[in-house]
Structures are given as C-alpha cells and as structure tokens.
Amino acid sequence: MKRNRILLICLFLSITASIIGSAAYSDKTNHTVFVPQYQGKQPKNIILLIGDGMGLTQISAGLYSNNNHLNLEQFPITGLIKTNAHKRLITDSGAAATSFACGCKTYNGAIGVNKNKKPCLSILEQASQNGLATGLIASSSITHATPASFIAHVPDRADMEGIAPFFLQTKLDLLIGGGLNYFRKRRSDAINLYQQMQDAGYQMGNYTENKLSSYKPAGDRPFAWFSADEEPESVGNGRDYLPLAAELAGPFLKKRSPKGFFLMLEGSQIDWACHKNNGPYAIQEMLDFDAAIGAILKFAVADGETLVIVTADHETGGMAIKQGSEMDSLIIGFSTEQHTATMVPVFAYGPGAEQFSGIYENTEIFFKMQALFGFPTTSTDPKK
Ligand SMILES: [Zn+2]
C-alpha cells in the first residue's frame, strides 16, 4: 500500500507542467480540433500501448477479477476516442491502427495507407527518420493489422507476405511477436527475410530456439524474437512473453539512441477472445496486457522522460457484465461477435499526458504524439 501511495504522489508531481494557449488544426475529418499548446516538458520517449478490442467492460471485467485492481488505475489522465473508420462507423484494427500511426481515417482492411490506398508516413517511420530508436511488440503475429500499420503500407491486411518485407525497409531496433513463417518459411517467393535481418546486424531469436526470458539483448545491436510460426498462443495456453517484452523494451530502446524512442506494444488477443464471446479468455488477456502496462509504467516512472499512452482500437463483442454478477463471479454477456462503435478510453502518464484528456477522434492520437515529439507536421491530404 505504501509503495502505491508513493507512486501516486510521483504521478501527481509529474503533471504539474503548464498548458498555455491553444492552436487549431483540421484533422481532415471535417472537425476542427483545439489542442492546447504544450509549453512544458516534452517527452523524449513515447510508448503507445494498444489493447485490441479493449472497451470499458473488458477493463472492468479485468479489474473486478483481479481483486478490484489494475495498473491502469495509476494513470492520472483519461480521455475517450471516437473510433470510426472512413465511411464506416465500425472500424477494423487496420483502419484504426492506421489512424493512430498516420493521422488519417481510412477504409477497413487498410495497412498504413490512406483512403486512396496511398502510403502514409507513420509516427514510427518519422521517429526513425529523426534518429530515434523504434520498437514493435505484439501478442499476435508482428505482421498482424495493428503492428503492421506502423511500419508497412499495403492495401489489404490479409497480405501478410507483402507486409513482412517492410520490416527491413524501416530498421526497427526491437521486434517481438509471432509470424515467423512470413519471414522465412512458406514464403511463396522463397526469400529468407529472417536471414536478411541477421545479415543486417540483428540479434535474432525465436521460440523454437529459446524462450524470450533467456535472451539478454545488450543494446549494441537491434533485437528480434519471433514468438510463433503464425499466431501466438493465448495466455491460457501458456503464452507468457508480453509482460517480459514490456519489461525489457524500455531499458533496451534507451540504449539504442540518445535521442529517444517510439515503441508500440499491443495486447492483441483481447479482441480475439471477444470475437469468440469467451469471457474468461478476454479477462486473462486483459490481465496479461495490464501486467505489460505495469512493467512499462514502472520504467516510465523511473525514467521521467517517457510518455505512456494506453488506448484501444475499438471495442469487440458488445461485452457486458450482467445482472447477478459479483466481484468474484462475473456473468459475462456479449451482444455481437463483431466490433462495436462505442468510444474507447485513453490513459496517459508522463510529460505531455494532459494532452490526452477529453473526447476526440482517434487520429488525434497521432497528431498529439507528433506535436509532442516536435516532428514537423506531415500531410494527411488523402489526394496524395
Ligand atoms: Zn477484431
């Protein structure tokens, strides 16, 4: 309890920077959004954590199942985002992640391309171009819609083979996730991207050789570890690497560049559980993601220069905690096997966190990160 209280005091003290004035810009979705101009401390590092399919009910169910406690509760700033895709009220993970990555609303199935299927420069690519270290971590394949949207540019999320070569075009410092087959085995073009990464200087590892916990990447070269041939197991079936990956990511990426880093980590399978209308699976994945959040938060509190943003791409399943539930025995219901249009929460901690309160479009996550990094504004003109 005492440790929690100290942490809360630290959190409170860290958000005392001033907000002066405001600037307006169009987010290209027919809204004019006012964003307070941040004139306090800027973050050196930004960590974006995405719980795929994580709405308020998924969070609540995780919380109640865990003695009424989540690491998420420690975030001082909360907001809500509107998740709609271009011309579709209900988004998929590709369109939503592209909104976070590039700041444009696009069609469902898009990976790092705008509504005209033209590539859009992502926050990760911009970070890399500016000399920052970069990382992508997921409990899905690394070529799956959410992580892919930060580095690849393909018109269709199903094109996993087409997505994989982009991981060599923008040299990531840290890659942890599934999808080994799209890099070396079973590629129709027989190109061995895994070998190419090794030749490019990566320390490579994968689940067939060793568990993630047995690697201690020193930071003198980039590191990639593949957790599965295709999609990783659920937590219930023994997957345990996401919190470990979260723990090693901050200190590792800090060593990779003196200029700072951008990391995106996804808790991918909350969504999959809710597509299956499986409450216990959703809760296990929620708690695994929250453990990763805890590890990231611990790093950020100690570091003092890291902004942590936690959000979701959309809610999945229309999940409900039903009448008759008790804290220790939840009765979970679902209203659909698909995604829903409900707004999803945003949590922020660290320098610039106050930018993330309020209700705004999912594209604003991109613009806020870009502004806080001090990167030049990129065009999100859909004609380009
Ligand atoms: Zn989904």
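**A tour from the zinc ion to helix H2**

Start at the zinc ion, whose donors are spaced D-x3-H-x63-H along the chain; donors here are N, O and S atoms within 2.8 Å of the metal (3.2 Å for Na, K and Ca), and water is not among the atoms, so sites may look incomplete. You are looking at a predicted model, where local features need pLDDT of at least 70, side-chain atom pairs count only at pLDDT 80 or more, and totals for chains, interfaces and linings use all residues. Residues are numbered from 1 along each chain as its sequence is written, and side-chain values use heavy atoms, leaving out hydrogens and water.

Next, select Asp-271, His-275 and His-339: Asp-271 (OD) appears twice among the donors, alongside His-275 (NE2) and His-339 (NE2), at 2.0 to 2.3 Å. Asp-271 sits in helix H10 (residues 269–275) and His-339 in strand E14 (residues 339–340), so this pair ties together parts 68 residues apart in sequence. Helices (H or I, at least four residues) and strands (E, at least two) are DSSP runs, numbered from the N terminus. Both Asp-271 and His-339 are buried, meaning under 20% relative accessible area (1.4 Å probe, protein chains only).

Now move to helix H2 (residues 56–65), where the buried residues include Ile-59 and Leu-63. Show H10 and helix H11 (279–303) too, as both are among the elements covering the buried residues of H2. For the contact itself (heavy atoms within 4.5 Å), select Gln-58, Ile-59, Ala-61, Gly-62 and Ser-65 in H2, which meet Ile-283, Met-286 and Leu-287 in H11.

Last stop: just after H2, Asn-67 has a positive phi of about 55°.

How values were computed: Buried means under 20% relative accessible area, exposed over 50%, partly exposed in between (1.4 Å probe, protein chains only).
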